[in-house]
Amino acid sequence: MTDAEALAAFLAERHVPCPSCRYDLHGLRGTRCPECDLGLELRVNLEDPRLGWWLTAVVGLAVGVGFQALLLGYFVCLHFFSRFGPSVTDAAPLMVGLAVEGPALVAGLRARWWFRRRAWWARVGLAGLCWVATLASAILFFVLVR
């Protein structure tokens, strides 16, 4: 049985909306939606991919990296273009935070499927740890730079 035949057999018995335009594909004989003309294929997907906590962890790290990179850029501009700009030591907490959270973000983005296979308590703990790291770096910055 070809892919087109399997798709036609599946849609012959079911009312399934097109993923793009929501057109009812019941009885479709081809492999393209007649409404939006996009190609269709029959797949097996996970019912629950368990990526919510991974996404929470990645967003936590991305917030920290973005915050630190933005402030570091601001410090660099002030240092070079302002007569009384901040010193290099004022930017040290930002550089340390970027050195820690930047590689952690890259590792987190690459470890999506590893993260998904962990127990629920480990996923929650790792996501919480990512947000704690972001909050700790922000607090450290505001405490050290006055």
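Here is a walk through the pockets, the loop between two helices, the salt bridges and a surface patch of this structure. Keep in mind that the model is predicted.

Let's begin with the empty space. Rolling a probe the size of a water molecule over the atoms shows where such space is left. The largest pocket holds about 330 Å³ of space. It has 16 lining residues, and those closest to its centre are Val16, Pro19, Leu40, Glu41 and Leu42. By residue class, the lining of this largest pocket splits into 11 nonpolar, three polar and two charged residues. Glu41 is worth keeping in mind, as this residue will come up again among the salt bridges.

The second largest pocket offers about 220 Å³. It too is lined by 16 residues, with Leu61, Ala104, Ala107, Gly108 and Cys130 the closest to its centre. Which elements give two or more residues to this lining? They are helix H2 (52-81), helix H3 (92-110), helix H4 (112-116) and helix H5 (120-144). Helix H3 makes the largest contribution, with five residues. As for chemistry, the lining of the second largest pocket consists of 14 nonpolar residues, one polar and one charged.

Now move to the loop between helix H1 (3-12) and H2, where Arg22 is placed. If you are checking backbone angles, Arg22 deserves a look: its phi is positive, about 70 degrees, although the residue is not a glycine. How accessible is Arg22? Its relative accessibility is 58%, and since exposed means over 50%, Arg22 counts as exposed.

Asp37 also sits in the loop between H1 and H2. Here too phi is positive in a residue other than glycine, with a value near 60 degrees. The relative accessible area of Asp37 is 47%, so this residue is partly exposed.

Asp37 leads us on to the charged pairs. Side chains of opposite charge can pair when their charged atoms come close. How many salt bridges does the structure hold? There are three. In one of them, Asp37 is joined to Arg32, and the closest N and O atoms lie 3.3 Å apart. Arg32 has a relative accessible area of 44%, so it is partly exposed, and its partner Asp37 is likewise partly exposed at 47%.

Another salt bridge links the side chains of Glu13 and Arg14, with an N to O distance of 3.9 Å. For your own distance checks, note that the cut-off for a salt bridge is 4 Å. Glu13 counts as exposed because its relative accessibility is 64%, while Arg14, at 35%, is partly exposed.

The pair of Glu41 and Arg43 brings us back to a residue from the pocket discussion. Their side chains meet in a salt bridge at 2.5 Å, N to O. Are these two residues buried or exposed? Both Glu41 and Arg43 are exposed. Glu41 thus takes part in a salt bridge and is also listed among the residues closest to the centre of the largest pocket.

Our last stop is on the surface. Leu135, Ile139, Leu140, Val143 and Leu144 together make a nonpolar patch of about 480 Å². One of these residues, Leu140, is found in helix H5, an element that also gives residues to the lining of the second largest pocket. Leu140 has a relative accessibility of 40%, so it counts as partly exposed.

Notes
Residues numbered from 1 in each chain as written. Predicted model: local features only at pLDDT ≥ 70, side-chain atom pairs only at ≥ 80, totals over all residues. Heavy atoms only, no water. 1 Å grid on protein atoms, 1.4 Å probe; cavity = no way out; pocket = protein on both sides within 12 Å on 5 of 7 lines; lining within 4 Å. Points joined across faces, edges and corners; volume = space filled by probe spheres on them. Nonpolar A, V, L, I, M, F, W, Y, C, P; charged D, E, K, R; others polar. Helix = DSSP H or I, 4+ residues; strand = E, 2+ residues; numbered from the N terminus. Buried < 20%, exposed > 50% of the residue type's maximum accessible area, 1.4 Å probe, protein only. Patch = residues over 30% accessible without salt bridge, like charges linked within 9 Å, V, L, I, M, F, W, Y side chains within 5 Å. Areas by Shrake-Rupley, 256 points an atom, 1.4 Å probe, with all protein chains shown as cover.
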